[in-house]
Amino acid sequence: MKHENTDPEVSELIRRLNEPDPSVRLRAAAALASVAGKNRPVVLALAAALKDDNVHVRKLAALALGSPGPEVKTSVQALTGALHDEDEGVRRRAAIALGEIGADAVAALPALRGATHDPSASVRR
């Protein structure tokens, strides 16, 4: 599927986030993390990857969303939800990513304050 305003290579990476093989999805998420100026299709694909069955894909997607850009509100919303992931590594990476976004992540402050009570010390830091 071609994504509007997205070059063919990036569209292919987005498509690969839906492959059955988790190693393919992981490599796609890693490659999408390096896409400069993440546009809406990339951010939406990475936000969806935060719900992947594979924890490593979710972790990479969280870190990949941790940069300011034109779709920062979508990133912040997705990362705020990831603060409640069942895996502490995903929650930790979501908190780190929100910190990387900085002032544009102000909407996540209540959830980040809640994360200071997370059962995992690595998330609370």
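**Figure 1. Buried residues of helix α2 in the predicted model.** Val24, Arg25, Ala28, Ala29 and Leu32 are the buried residues of α2. Viewed down the axis of α2, these buried residues fall within an arc of 135°, so they line one face of the helix. Their packing partners are α1 (8-16), α3 (40-49) and α4 (55-64).

**Figure 2. Length of helix α2, residues 22-33.** The helix has 12 residues, which at 1.5 Å a residue should span 16 Å. The expected span is taken as 1.5 Å times one less than the number of residues. The end C-alpha atoms of α2 are 16 Å apart, in agreement with that expectation.

**Figure 3. Surroundings of Ser75 in helix α5.** Ser75 belongs to α5, which covers residues 72-82. Is Ser75 buried or exposed? Its relative accessible area is 4%, and because buried means under 20%, Ser75 counts as buried. Leaving aside residues up to four places away in sequence, Ser75 touches Val43, Leu65 and Ile101.

**Figure 4. Ser120 in the loop between α7 and α8.** The loop that holds Ser120 joins α7 (109-115) to α8 (121-124). Ser120 has a relative accessible area of 6%, so this loop residue is buried under the 20% cut-off. Which side chain makes a polar contact with the side chain of Ser120? The partner is the side chain of Ser122, at 2.9 Å. With residues up to four places away in sequence not counted, Ser120 touches Glu88 and Arg91.

**Figure 5. The whole protein, as context for the close-up views.** The secondary structure consists of eight helices and zero strands, and along the sequence the pattern reads α-α-α-α-α-α-α-α. The radius of gyration is 14 Å, close to the 14 Å that the globule rule gives for 125 residues, so the protein is as compact as a globular protein of that length. Along the principal axes, the C-alpha atoms fill a box of roughly 40 × 30 × 15 Å.

**Figure 6. Burial, contacts and surface of the protein.** Of the 125 residues, 47% are buried. Among contacts with a separation of 6 or more, 56% are between residues 24 or more positions apart. The protein exposes about 6,900 Å², and carbon and sulfur atoms supply 54% of that area.

Note on methods:
Residues numbered from 1 in each chain as written. Predicted model: local features only at pLDDT ≥ 70, side-chain atom pairs only at ≥ 80, totals over all residues. Heavy atoms only, no water. Helix = DSSP H or I, 4+ residues; strand = E, 2+ residues; numbered from the N terminus. Buried < 20%, exposed > 50% of the residue type's maximum accessible area, 1.4 Å probe, protein only. Polar contact = N/O pair within 3.5 Å; in protein donor to acceptor, adjacent residues only side chain to side chain. Contact = heavy atoms within 4.5 Å. Arc of directions from axis to C-beta. Rg over C-alpha atoms; globule rule 2.2 N^0.38 Å. Areas by Shrake-Rupley, 256 points an atom, 1.4 Å probe, with all protein chains shown as cover.
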